[in-house]
Amino acid sequence: MQIIPGLTVVEDFVSPEEETHLVQCCDERQWSGLGISPNPELKRRTQQYGHLFSYQYRKVLQELGPLPDFVTPVLDRIADQNLSPPPNHLLVNEYEPGQGIMPHTDAPSIFGPAILSLSLLSACVMTFTNVETGRTIDVLLPRRSMLVMTEEARYNYKHSISKDLIETLSDGTTIERSRRVSFTFRQIILFTGECSK
Ligand SMILES: O=C(O)CCC(=O)C(=O)O
Ligand SMILES: [Fe+2]
C-alpha cells in the first residue's frame with residue numbers, strides 16, 4: 001500500500017558498485033553552489049545536466065544537451081520499470097551532515113508530473129507535508145533507493161529533508177546521516193530561454 005498516493009520507493013535501484021561509480025563520476029566533475037557559479041547562492045553543492053535551472057531566477061536558463069553517458073543504465077531502468085517519461089534534466093545534490101532542504105513542491109509549471117530521486121551513500125528521512133492539512137508523513141529513503149513522486153505526492157505535498165545529524169522514525173529506527181548524494185531526474189516542460197547551440 002502506498003502511504004501517500006503517487007509515492008513509491010524502489011529499493012536497491014542501483015547496485016553498490018553502480019553507486020560508487022555514479023558518485024565518482026560526479027566527483028570528477030565541477031560542483032556548483034557555496035559561492036561557485038552557476039548557482040553560487042546555494043548552501044549545498046549541486047551539478048546539473050540536460051538543462052540549467054537557476055534557483056535565483058526560478059527558471060530554466062539554458063539547454064545543456066543530453067544527459068551524460070554515466071546515467072544511461074539508470075535511465076534505461078527508469079524506462080524499463082515505466083517510472084517516468086524520459087527525463088531531460090538531472091540535478092545532483094550533495095548533502096553533508098547538517099545540510100538539508102526546506103519544504104517545497106518542485107515548480108509544477110516547469111517540471112513534469114513525475115519527479116524521481118535516487119539516494120546515494122546515505123539514507124535519509126524525507127518529510128511530506130500536506131499543503132492543505134499541514135499533516136506530515138516521514139518516509140525513509142534507503143541508500144541506493146529510487147523515490148518516485150507523482151500525483152498527490154508530487155502536487156499536494158511539500159517535501160523536505162532535515163538538517164538533523166541523527167533521524168528517528170516512528171518505529172524507532174535511527175539513521176545517522178553521512179554524506180548523501182542524490183540524483184533528481186525530471187522532465188522540463190517549460191523552457192523559454194536561449195539554446196546553447
Ligand atoms: O535530495 C533529494 O532527494 C531531493 C531533492 C529535491 O527535492 C529537489 O532538488 O527538488
Ligand atoms: Fe524537490
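Biologist: What share of the 197 residues in the protein chain is buried, and what makes a residue buried?

Modeller: Buried residues make up 28% of the 197. A residue is called buried if 20 or more other C-beta atoms, placed from the backbone, lie within 10 Å of its own; it is exposed if 12 or fewer do, and partly exposed in between. This is a predicted model, where local features need pLDDT of at least 70 and side-chain atom pairs count only at pLDDT 80 or more, while totals for chains, interfaces and linings use all residues. Residues are numbered from 1 along each chain as its sequence is written, and chains are lettered from A and ligands numbered from 1 in the order in which they are written.

Biologist: How many helices and strands are there, and what makes a run of residues count as one?

Modeller: The protein chain has three helices and 15 strands. They are DSSP runs numbered from the N terminus: H or I over at least four residues for a helix, E over at least two for a strand.

Biologist: Why is the chain called as compact as a globular protein of its length?

Modeller: Its radius of gyration is 16 Å, close to the 16 Å that the globule rule gives for 197 residues, so the description fits. The radius is taken over C-alpha atoms, and the rule is 2.2 Å times the number of residues to the power 0.38.

Biologist: What makes S7 and S10 a pair?

Modeller: Two strands pair if DSSP finds at least two bridges between them. Four bridges join S7 to S10, which run antiparallel, so the definition is met. Leu116 has Val148 in S10 as its bridge partner. S7 also pairs with S14 in the antiparallel sense, over five bridges, and there Ser119 stands opposite Ser182.

Biologist: Why is S7 called mostly covered?

Modeller: Six of its six residues are buried. Ile115, Ser117 and Ser119 point one way, and Leu116, Leu118 and Leu120 the other.

Biologist: Where does S3 place its buried side chains?

Modeller: His51 and Phe53 point to one face and are buried, whereas Leu52 and Ser54 point to the other and are not. In a regular strand the side chains alternate between the two faces of the sheet.

Biologist: Which residues of the largest nonpolar core touch the most other members?

Modeller: Leu90, Val92, Leu116, Leu118, Met146, Leu147 and Met149, out of 32 residues. Such a core is a set of buried Ala, Val, Leu, Ile, Met, Phe, Trp, Tyr and Cys residues joined through C-beta atoms within 7 Å. Elements giving two or more residues to this core include helix H1 (16-27) and strand S7 (115-120).
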